Amino acid sequence: MIRRTALRDRIGMAVAMMAATALSLTGCANAGSGPTEITFHMSKPEAIGFFRDLVKEFNAEQSDVRVTLDTASNLSAGFLRGDPPDVGLLNYNMEMSRFMERGALSDLSDMPEADRIRPDVQELADQYATYPGRTSVLPYSVAAASVIYNVQMFEDNGLEVPETWDELIDVCNTLQDAGITPIYSTFSEPWTIAQGLFDYTVGGSVDLVDFFEQMNELGTEVGPDSPVSFSKDFKDPVEQMMELAAYSNESAPSRTYGDGNVAFANGEAAMLMQGPWALGEIAKTNEDLKLGTFPLPATNDPDDLKVRVNLDLALWVPEIGDAQEASREFVSFLMQPEIMDEYNATFLGFGTTTDAAPATDERLLGMQEYYENGDFYLGASQRIHLSIPAANYIQAIATGADIDGTLSRLDADWARLALRE
Amino acid sequence: MTTPMGPATAATGTLLGKAGGQNDHLAGSHTRRGKPKIDRIYYLFLLPSLILFTLAITVPALVGIFYSFTNFIGFGDWQLVGITNYIAVFSDPLILSSYLFTFGFAVVTVFVVNAIAFLLAVALTSRIRMKAALRAVFVIPMVISAIVIAYVFKYLFANSLPALGAATGIGWMQESILANENLAWVAIVIVTAWQSIPGALLIYIAGLLSIPGEVYEAADIDGASAWTRLRSITLPLVAGYVIINIILGFKGYLNAYDVIVGLTQGGPGTATRSIAMTIFTGFTGGDYAYQMANATLFFIITVLISIIQLRITRGKAALS
């Protein structure tokens with residue numbers, strides 16, 4: 001505390017002196033005082049090169065702020081020591097929201113950039129947690145996920161993109177009759193089924209925002225007799241998930257994420273339940289494969305179609321940073337429309353602002369309309385606290401465990417966690 | 001304090017210390033039990049490791065135990081919550097099943113590793129050709145990192161074995177045992193054993209080589225069969241080594257982590273989640289205080305086991 005106050009005073013004085021110098025000696029204001037140093041945390045592996053170039057550009061075009069890119073340090077430890085990065089740009093999820101919930105991130109609502117964010121996208125961040133009176137997280141890029149399909153295989157079998165559950169089952173049957181594996185599944189890695197078939201069938205039929213709101217309110221009371229519960233509300237979609245899982249390759253229980261991408265690229269199946277991150281991997285094996293995407297229909301009403309999204313990257317500035325002004329300046333730089341559009345075009349993301357360019361990659365076009373209209377949801381598996389091994393439970397169901405028993409276990413875990421929080 | 005050895009320099013400390021001890025003994029002064037007085041230089045030798053151990057192990061452990069009585073998530077404000085976490089641990093089927101799995105796994109693995117390592121050691125110390133080369137071959141698994149071994153075996157279990165099963169028409173082999181909730185633990189035992197047999201093997205070879213040849217010669221004269229020699233001479237004489245291997249092995253297998261992460265990630269479902277993996281979710285899942293309570297209980301259990309094992313070892317030592 002003492003140290004921080006002292007530092008603040010010192011910086012306050014430095015700023016005041018700089019202002020005074022600037023007023024009296026316009027032209028050589030920076031003489032003697034170096035630029036403000038800030039660190040920028042960005043650890044998404046494939047995007048490091050992109051942001052390294054941006055940091056270089058920013059450092060070259062002005063001399064007040066000097067940004068250092070940090071791609072490796074441990075965030076929790078940083079916050080714990082009271083030494084977090086000055087600006088963070090990373091995946092926003094349950095884990096990250098816990099820092100926000102405890103007031104660790106500063107309010108950015110007064111920045112003009114905050115007004116450009118689409119309200120329904122900003123809402124996604126609030127679904128995890130909120131801090132009264134603050135907009136602490138600026139969504140930067142959204143990853144939308146749905147069914148990836150082999151366009152050639154669909155055309156060869158005279159298939160249209162299904163818009164209802166019955167049509168989807170018809171598609172699967174047609175493919176199977178033609179000797180094609182309809183869906184390539186990789187149950188050996190729990191997350192692939194949790195974020196794929198499970199999230200798609202649940203998100204396509206359950207109002208998740210309302211569901212988790214009630215679940216959080218119920219807390220310790222979640223159980224067999226509570227008004228909402230996993231065993232009550234998720235039973236039907238999970239049964240649908242199993243119906244689709246039966247159309248998978250027989251080797252699914254022992255296949256990994258990587259196996260799935262290679263097999264799909266080699267034309268071993270017609271559909272893959274993965275996000276845009278898999279598209280680049282598939283292209284590594286087979287660059288010419290024509291792919292498309294469509295939201296998984298979990299009901300028989302085409303109006304219910306939605307895509308699964310997550311906040312792939314979001315910007316934030318910690319509350320205790322020493323250089324708020326410099327940090328915000330860099331945030332503004334990163335939030336320039338051209339830079340955001342370039343990022344999203346390069347990394348198959350969707351824009352988060354009202355002025356963002358639409359996705360043009362043909363593999364994403366099948367999702368553009370739904371994303372634009374706000375027909376999306378945060379995956380249910382991402383809304384469950386990480387200390388509950390939900391993905392493992394879902395994997396157990398996929399490999400044969402009892403649905404009712406496993407979902408009530410999930411309910412019991414939810415109540416137990418609420419008890420000790 | 002008042003002995004003439006007090007200002008001894010480091011270089012001559014040992015010598016003078018010895019001499020001092022003898023003087024004390026002869027004089028029959030304050031060292032009543034007749035033990036030579038220990039030079040303080042030895043404490044100096046201990047000091048660096050003592051400081052490091054305290055800072056790196058004891059202090060963090062105490063801090064962790066303290067936090068197990070709070071609702072700390074690894075960051076921010078927290079409150080003391082008493083023994084809430086401990087009560088929750090005891091009613092958590094996930095944690096209880098991880099204890100069941102880990103102890104079952106450790107017992108089976110200790111048995112498998114020691115049986116195979118002992119038989120291998122007997123074979124590798126008997127009169128066979130290419131002994132040195134064979135010993136080197138058997139030690140190789142020890143130098144490869146566990147996670148690498150796990151990934152290689154994962155490929156074998158998930159792809160090679162099912163392919164072999166399909167080619168030969170053997171039904172049960174066509175499904176990967178890693179995907180079978182009831183059999184995945186067998187794969188983990190196999191890989192862990194494959195990796196840790198060399199360590200146990202080396203200790204057994206050392207033990208077997210320490211048995212003097214005369215006892216076997218005497219047994220030969222008495223007309224003992226190979227089996228009688230193994231049972232009545234070899235086993236009793238390497239009993240100490242067996243106990244060392246069991247204690248070291250059991251302790252290591254209770255901390256099972258890397259092989260499981262590489263092979264099954266605790267799955268299918270939660271069938272192969274070890275205690276260490278469960279505790280680690282406290283860091284990744286922001287459930288720090290709760291898993292610290294789990295870790296504290298695990299610590300108490302391992303201390304109890306160590307005490308029991310030490311008792312048994314002492315008993316054995318007294319017998320021989």
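Let us start where the two chains meet: Arg416(A) and Asp92(B) join their side chains in a salt bridge, with 3.9 Å from N to O. Keep in mind as you look that this is a predicted model. Across the interface of chain B and chain A, the rule finds one salt bridge, and this pair is an example of how that rule works, because a side-chain nitrogen of Arg has to come within 4 Å of a carboxyl oxygen of Asp.

Now widen the view to the rest of the interface. On the side of chain B that touches chain A, the elements giving two or more residues are helix H3 (84-90), helix H4 (93-125) and helix H6 (146-168) of chain B. By class, that side of chain B holds 10 nonpolar, 15 polar and five charged residues. In all, the contact draws 30 residues from chain B and 28 residues from chain A. Six residue pairs are in polar contact between chain B and chain A, both partners being at pLDDT 80 or more. The size of an interface is often given as the accessible area lost when the parts come together. Here chain B and chain A bury about 2500 Å² between them, with 53% of it on carbon and sulfur atoms.

Next, follow chain B on its own. Its secondary structure comes to 13 helices and zero strands. Of its 320 residues, 39% count as buried. Among contacts in chain B between residues at least 6 apart in sequence, 67% join residues at least 24 apart.

Two residues let you see this chain from the inside. Thr102(B) sits in helix H4 of chain B, and it counts as buried because its relative accessibility is 0%. Leaving aside residues up to four places away in sequence, Thr102(B) touches Tyr253(B), Leu254(B), Arg273(B), Ser274(B) and Ile275(B). Asn180(B), for its part, belongs to the loop between H6 and helix H7 (184-209) of chain B. At 18% relative accessibility, Asn180(B) also counts as buried, since the cut-off is under 20%. With the same neighbours in sequence left out, Asn180(B) touches Glu175(B) and Pro268(B). Asn180(B) and Pro268(B) are 88 residues apart in sequence, yet 6.8 Å apart in space from C-alpha to C-alpha.

Chain A offers more salt bridges to visit; over all chains the count comes to 13. One of them pairs the side chains of Glu319(A) and Arg134(A), at 3.6 Å from N to O. Glu319(A) lies in the loop between strand S8 (307-316) and helix H15 (324-334) of chain A, and Arg134(A) in the loop between helix H6 (119-128) and strand S4 (138-150) of chain A, so the pair ties together parts that are 185 residues apart in sequence. Glu319(A) is partly exposed at 32%, and Arg134(A) is partly exposed at 22%.

Compare Glu281(A) and Lys284(A), whose side chains meet in a salt bridge at 3.1 Å, N to O. Both lie in helix H14 (residues 277-285) of chain A, three residues apart, about one turn of the helix. Lys284(A) is exposed, with a relative accessible area of 65%, whereas Glu281(A) is partly exposed at 32%. Elsewhere, Lys235(A), Glu239(A) and Asp404(A) are linked in a network of salt bridges.

Finally, a word on confidence. The mean pLDDT of chain A is 89, but residues 1-32 of chain A stay under 50.

Terms used. Residues numbered from 1 in each chain as written. Chains lettered and ligands numbered in written order. Predicted model: local features only at pLDDT ≥ 70, side-chain atom pairs only at ≥ 80, totals over all residues. Heavy atoms only, no water. pLDDT = per-residue confidence, 0-100. Contact = heavy atoms within 4.5 Å. Buried area = accessible area lost by both parts, 1.4 Å probe. Polar contact = N/O pair within 3.5 Å; in protein donor to acceptor, adjacent residues only side chain to side chain. Helix = DSSP H or I, 4+ residues; strand = E, 2+ residues; numbered from the N terminus. Nonpolar A, V, L, I, M, F, W, Y, C, P; charged D, E, K, R; others polar. Buried < 20%, exposed > 50% of the residue type's maximum accessible area, 1.4 Å probe, protein only.
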